[in-house]
Amino acid sequence: MFKKGDKVVYGNVGVCEVKDISRSQAHGLDPDRDYYVLEPDGQSCVIYVPADSPKVFMRPVISAQEADRLIDMIPSISAQAYHAGTIQGLAEHYKTMMDSHDCADLIELVMSIYAKKSAAESRSRKIGSVDARFMKQAEELLNGEFAAALGLSRDEVPHYIAQRVRAAGERRAAAASRS
C-alpha cells in the first residue's frame, strides 16, 4: 500500500503524487471504499483510484540508480523500426509495449520509432500519426519518471540523457584506444 506523499506511476497517466488516502463523498464513488487521491505531476487535477483494486496499475517511481542504469544502457540497444500490415496492427503493437509500464520497453519503443523516423527522413518523408502519437506519449512518460527519479525538471531530462550517453561513449572510446 502506498502512503501520502509517495510518487507513483499510474497507468499511462504517468507520475502522480499520492495526496491522500481517504473515503470519498464524490459522486459515483463508493463511500465505504478507500481511495488514493492522486495528483498527476504538472497538472492541477486529482484522480480517485480505489486503493484495493487489482485492476488499476500503479507502481512506485523507479530509483535514481535504476534511471541511470536504464539511461546507460541506451547506447547498447539496437532497436529496429516496427512495421505492421495495418495501422490498427501498428497501434496494437505500440499499445502492448506501453501497457507493460516498463521503462526499458518505453525506451525500446522510442528508439524503434526514432529509427523509423530517421529512415523516413532520409527519403524526405515523415512518420505516420500513429508513430508520432506513441513516440510522444512514451517520451512524456519516460521524461516524467526520469525527472521524478532524478530530481530534475521534465525539461532537463533530454539534456541529462544526452550528456550521460555522450559521456558513456567517450568512456568506451577511451577504453578501446587503451586496448
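## A tour of salt bridges, ring pairs and one cavity

Start by selecting Asp72, which counts as partly exposed because its relative accessibility is 29%. The model on screen is a predicted one.

**Stop 1: Asp72 and Arg164**

Add Arg164 to the selection. Arg164 and Asp72 form a salt bridge, and their closest N and O atoms are 2.7 Å apart. This pair links distant parts of the chain: Asp72 belongs to helix α1 and Arg164 to helix α5 (residues 157–178), 92 residues apart. Arg164, at 26% relative accessibility, counts as partly exposed.

Which residues are joined with Arg164 in a network of salt bridges? They are Asp68 and Asp72. Select Asp68 next; this residue sits in helix α1 (residues 64–72). Is Asp68 buried or exposed? Its relative accessible area is 16%, so Asp68 is buried. With neighbours within four places in sequence left aside, the contacts of Asp68 are Leu150, Tyr160 and Arg164. Show those three side chains together with Asp68 to see the surroundings of the network.

**Stop 2: two further salt bridges**

How many salt bridges does the structure hold? The total is 12. Side chains of opposite charge can pair when their charged atoms come close.

Go to Lys7 and Asp41. They form a salt bridge in which the closest N and O atoms are 2.9 Å apart. Lys7 is in strand β1 and Asp41 in the loop between β3 and β4 (47–50), so this pair ties together parts that are 34 residues apart in sequence. Lys7 has a relative accessible area of 34% and is partly exposed. Asp41 also counts as partly exposed, at 22% relative accessibility.

Now move to Asp131 and Lys116. The closest N and O atoms of this salt bridge are 3.1 Å apart. The bridge links distant parts of the chain, with Lys116 in helix α3 (residues 103–122) and Asp131 in helix α4, 15 residues apart. Are the two partners buried or exposed? Asp131 counts as buried at 5% relative accessibility, and Lys116 is buried with a relative accessible area of 11%. Buried means under 20% relative accessible area, so Asp131 at 5% and Lys116 at 11% both fall in that class.

**Stop 3: the aromatic pairs**

Switch to the rings of the aromatic residues. The count of aromatic pairs is two.

Select Phe2 and Tyr36. Their ring centres lie 5.7 Å apart and the planes are at 65°, so this pair is edge-to-face. Phe2 is in the segment before β1 (7–10) and Tyr36 in strand β3 (residues 34–40), so the contact between rings ties together parts that are 34 residues apart in sequence. Phe2 is buried, with a relative accessible area of 17%. Tyr36 is buried as well, with a relative accessible area of 4%.

Next select Tyr94 and Phe134. Here the ring centres are 5.5 Å apart and the planes at 55°, so the pair is tilted. Why tilted rather than edge-to-face? Edge-to-face requires planes over 60 degrees apart and stacked requires under 30, so the 55° of Tyr94 and Phe134 falls into the remaining class. Tyr94 is in helix α2 (residues 87–98) and Phe134 in helix α4 (residues 129–150), so the pair ties together parts that are 40 residues apart in sequence. Tyr94 and Phe134 are both buried.

**Stop 4: the cavity**

Rolling a probe the size of a water molecule over the atoms shows where empty space is left. In this model there is one cavity of 30 Å³ or more. The largest cavity has a volume of about 60 Å³.

To display the lining of the largest cavity, select Val9, Gly11, Gly14, Val15, Arg59, His101, Leu106, Leu141 and Glu145. Which elements give two or more residues to this lining? They are β2 (14–23) and α4. Colour the lining by residue type: the residues divide into four nonpolar, three polar and two charged.

**Stop 5: Ala84**

Finish at Ala84, which is found in the loop between α1 and α2. Ala84 has a relative accessible area of 30% and is partly exposed. Which residues does Ala84 contact, leaving aside its neighbours within four places in sequence? Select Gly89 and Leu90 to see them.

Technical notes. Residues numbered from 1 in each chain as written. Predicted model: local features only at pLDDT ≥ 70, side-chain atom pairs only at ≥ 80, totals over all residues. Heavy atoms only, no water. Phe/Tyr/Trp six-rings, centres within 6.5 Å; stacked < 30°, edge-to-face > 60°. Helix = DSSP H or I, 4+ residues; strand = E, 2+ residues; numbered from the N terminus. Buried < 20%, exposed > 50% of the residue type's maximum accessible area, 1.4 Å probe, protein only. Contact = heavy atoms within 4.5 Å. Salt bridge = Lys/Arg side-chain N within 4 Å of Asp/Glu carboxyl O. 1 Å grid on protein atoms, 1.4 Å probe; cavity = no way out; pocket = protein on both sides within 12 Å on 5 of 7 lines; lining within 4 Å. Points joined across faces, edges and corners; volume = space filled by probe spheres on them. Nonpolar A, V, L, I, M, F, W, Y, C, P; charged D, E, K, R; others polar.
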